[in-house]
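Welcome to a short set of worked exercises. Have your viewer ready, try each task yourself, and then compare your steps with the solution.

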Amino acid sequence: MYKIILLIDFAEEYSKGLLQGISKYSKEHGPWIFCRMPLFQRETIGIDGILEWALEWEADGIIGQLYNDPKISKIVEAGIPVIAQDFKERFKEIPNITGDHYEAGHLGAEYFLRKGFKHFAFYGFKDIVWSRERAEGFEARIQKAGYTVHYFEHAMSRSSELWYYKPSPLSQWLNSLPKPLALMACDDNQGQHITEACRLANIRIPEEVAVLGVDNDEMICEFSDPPLSSIAQDTEKGGYDAAKLLHHMIEHGTSDFYDIYVKPTQVITRQSTDIYATNDKYIASSLKFIHQNIDKNLQVDDVVKQVPLSRRALEQRFQDITGYPIYKYIFNLRIEKFTQKLLETDMTVFEIALDMGLTDSKNIARQFRQIKGCTPIEYRNKYLAGK
């Protein structure tokens, strides 16, 4: 029975996902005993104190936020396997629980490009790896599409200052940018800073600025006004894989290690991005109606009734601006919402169809297969199997 020290922020949604994965692995291959060490211990007693406690408790391994402390070599030299939940930069001496941050940025850019935006911005930190790499992935995809990215980046000297932001400079920056604007924040906390700054500056979300975060911390996303869209990450699998690696290091030595990469999975759309960027008031009105009523059995005729245009005229303008016929746009959005419910709930395909105002679950399952290449059940099982 192994004894593991966990030096993790137990209040964060990201860390809770890691803990779920670690717990799952320990139940399958343990049981393990855990010491949940509060983060203030790192600040209070430092690496020396943590090592002293680990040796006294006879810990077999450590997983924790170690803030790139160079004294980590003392724990390595003591022969205790340790995995870092990276913060500012990745350790080189030990494995890191890190993320495919570049891919998260790329995913955010793809999401906004599909919504028709032509103006883009990124809000984050210059000196932190997960923010920097998300910005790089975001900018690379935006530049490939022929656009540029505006930046407002902090250069924080201390991790304890990450909560801090100044509404005035941020509001001035937001006011100076072209609209409608697609803005990706490096995480949900910073995304909520943007929604607050927009509210102070009387900038409408999502009509003028659409805001996307990362981590899908539901408490933060729902606390935001309006609720914040975010990129979900497979943190539970990351925790499971980290526990598996730690197990290997305990039994076979600490020289053979690798980093654990937490993968982004999908964009969870909430009100902060639930819009398509266009200056055409009739198309904007049509798109708003579609997004607000997608959980009903929406038809093209329902959309046509919302604007003073003939069906033919609306169809043509809609196609020219979005690149899709109205029926196809409804279809794609319905599949997106269906997929979200499939992964976030334990409802059956039939129950999801009813929840979306659809009476023919077989038809939506057939349409899903056309897009995803597998049945809804196969897709759900494949996703869950990765956790």
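**Exercise 1.** Which residues of strand 9 lie on one side and which on the other, and are they buried or exposed?

*Solution.* First, some ground rules. The model is predicted, so local features need pLDDT of at least 70 and side-chain atom pairs count only at pLDDT 80 or more, while totals for chains, interfaces and linings use all residues. Residues are numbered from 1 along each chain as its sequence is written, and side-chain values use heavy atoms, with hydrogens and water left out.

Step 1: fix the terms. Buried means under 20% relative accessible area, exposed over 50%, and partly exposed in between, with a 1.4 Å probe and protein chains only. Strands (E, at least two residues) and helices (H or I, at least four) are DSSP runs, numbered from the N terminus.

Step 2: sort the side chains. In a regular strand they alternate between the two faces of the sheet. On one side of strand 9 are Val209, Val211 and Gly213, and on the other Ala210, Leu212 and Val214.

Step 3: check the cover. Both faces are covered, with all of these residues buried; that is six of six residues in strand 9.

Step 4: look for a neighbour. Strands pair if DSSP finds at least two bridges between them. Strand 8 and strand 9 are joined in the parallel sense by four bridges, and Met184 is opposite Leu212 of strand 9.

**Exercise 2.** Find the strands to which strand 5 is joined, and give the direction of each pairing.

*Solution.* Step 1: start with strand 4 (residues 82-85), which runs parallel to strand 5 and is joined to it by two bridges. Ala84 has Asn96 as its bridge partner in strand 5.

Step 2: go on to strand 11 (residues 260-262). Three bridges connect it with strand 5, again in parallel, and Gly99 is partnered by Val262.

Step 3: view the faces of strand 5 (residues 96-99). Asn96 and Thr98 point one way, Ile97 and Gly99 point the other way, and all are buried.

**Exercise 3.** What does Ile97 touch, not counting residues up to four places away in sequence?

*Solution.* Step 1: locate Ile97 in strand 5. Its relative accessibility is 1%, so it counts as buried.

Step 2: list the contacts, meaning heavy atoms within 4.5 Å. Ile97 touches Tyr14, Leu18, Ile63, Ile83, Ala84, Gln85, Asp86, Ala242, Ile260 and Val262.

Step 3: try one C-alpha distance. Ile97 and Ser15 are 82 residues apart along the chain, and their C-alpha atoms are separated by 11 Å.

**Exercise 4.** How many bridges join strand 10 to strand 12, and do they run parallel or antiparallel?

*Solution.* Step 1: count the bridges. Strand 10 (residues 229-233) and strand 12 are antiparallel and joined by four of them.

Step 2: pick a pair. Ile231 stands opposite Val267 of strand 12.

Step 3: check the cover of strand 12 (residues 264-268), where four of the five residues are buried.

**Exercise 5.** Look for unusual backbone geometry in the loops.

*Solution.* Step 1: recall the background. Most residues other than glycine have a negative phi, and most peptide bonds are trans.

Step 2: find the cis bonds. One leads from Gly30 to Pro31, with omega near 10°; Pro31 sits in the loop between helix 1 (13-29) and strand 2 (33-36). Another leads from Lys179 to Pro180, with omega near -5°, and Pro180 belongs to the loop between helix 6 (167-176) and strand 8 (181-185).

Step 3: find positive phi. Glu58, not a glycine, has a phi of about 60°. Glu58 is in the loop between helix 2 (40-57) and strand 3 (61-64), and is exposed at 58% relative accessible area. Asn202 also has a positive phi, near 60°. Asn202 occupies the loop between helix 7 (188-200) and strand 9 (209-214), and is exposed at 69%.

**Exercise 6.** Describe the protein as a whole.

*Solution.* Step 1: count the elements, which come to 16 helices and 12 strands.

Step 2: judge the compactness. The radius of gyration is 23 Å, close to the 21 Å that the globule rule gives for 387 residues, so the protein is as compact as a globular protein of that length. This radius is taken over C-alpha atoms, and the rule is 2.2 Å times the number of residues to the power 0.38.

Step 3: add the cover: 52% of the 387 residues count as buried.
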